[in-house]
Every structure is written in C-alpha cells, then in structure tokens.
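Trainee: I would like a close look at a single part of this model, taken slowly and set against the rest of the chain. Could you walk me through one loop residue and then place it in its surroundings?

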Amino acid sequence: GLKWNKSKVELAYFCGRVFCPKNTEKFPGTALDKLFGVNRLQSALTQMYSATSPQKWRPIIDSIFEDNQSTY
C-alpha cells in the first residue's frame, strides 16, 4: 500500500484529479481505498465538492496539474 501524509479529503481530491480529470469518469474508490488503507474516499470527494467554503489546499494540488511549460 501507499501512504498519504495529508488529509483524506485532500487524497480524494488528488485521486479525483488523476483518475477523473473531466469529472465524467468513474472514480475507482474501492481500489484506491485498498491501495491507501483508507475508507470511503468516494464519499470524501463528494463531500468536498458540496462544501460551501473554498478549501485553501485546493490550489496547491491544482498546481501539480497545470501546464507550466512556459517556465522551461
């Protein structure tokens, strides 16, 4: 298994960005739960998207997926 050093909701968001970049794909929650030794990542992702206040950590994860070729 793998270990994530941040919150479960941050892990769920990161995995969502990796496996569901268009937010139309099926989230592999069961497999990811097993891989990371956690429960209910799908539920954490759903709750995160329904939150009313913005999460301060989201831009940090989003920056991983941005195309920064102009800096090379």
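Mentor: Helices here are DSSP runs of H or I with at least four residues, numbered from the N terminus, and the model is a predicted one. With that numbering, Q55 falls in the loop between helix 3 and helix 4, the latter covering residues 58–64. Because its relative accessible area is 16%, and buried means under 20%, Q55 counts as buried. A polar atom of the Q55 side chain lies 3.3 Å from the backbone oxygen of M48. Q55 and G29 are 26 residues apart along the chain, and their C-alpha atoms are separated by 21 Å.

To place that loop, consider the chain around it, which comes to four helices and zero strands, so that the order from the N terminus on reads α-α-α-α. The C-alpha atoms fill a box of roughly 40 × 30 × 25 Å along the principal axes, and buried residues make up 28% of the 72 residues. Among contacts between residues at least 6 apart in sequence, 59% join residues at least 24 apart.

The largest nonpolar core has 14 residues, and those with the most contacts inside it are Y13, C15, F27, L32, L41 and L45. Two or more residues of this core come from each of helix 1 (8–19), helix 2 (29–36) and helix 3 (41–50). Taking L32 as an example, and leaving aside its neighbours within four places in sequence, one finds L32 in contact with C15, F19, F27 and L41. As a general background, nonpolar side chains tend to be buried together in soluble globular proteins.

Helix 4, on the far side of the loop in sequence, brings in the one salt bridge that the structure holds, where the side chains of D62 and R17 meet at 2.4 Å, N to O. This pair links distant parts of the chain, since D62 belongs to helix 4 and R17 to helix 1, 45 residues apart. R17 is described as partly exposed because its relative accessible area is 24%.

Beyond helix 4, in the segment after it, is F65, which is partly exposed with a relative accessible area of 32%. F65 joins V18, F19 and I64 in a nonpolar patch on the surface, with about 350 Å² of accessible area together. For the protein chain as a whole, about 5500 Å² is exposed, and carbon and sulfur atoms supply 54% of it.

Key. Residues numbered from 1 in each chain as written. Predicted model: local features only at pLDDT ≥ 70, side-chain atom pairs only at ≥ 80, totals over all residues. Heavy atoms only, no water. Core = buried A, V, L, I, M, F, W, Y, C linked by side-chain atoms within 4.5 Å. Buried < 20%, exposed > 50% of the residue type's maximum accessible area, 1.4 Å probe, protein only. Contact = heavy atoms within 4.5 Å. Polar contact = N/O pair within 3.5 Å; in protein donor to acceptor, adjacent residues only side chain to side chain. Salt bridge = Lys/Arg side-chain N within 4 Å of Asp/Glu carboxyl O. Patch = residues over 30% accessible without salt bridge, like charges linked within 9 Å, V, L, I, M, F, W, Y side chains within 5 Å. Areas by Shrake-Rupley, 256 points an atom, 1.4 Å probe, with all protein chains shown as cover.
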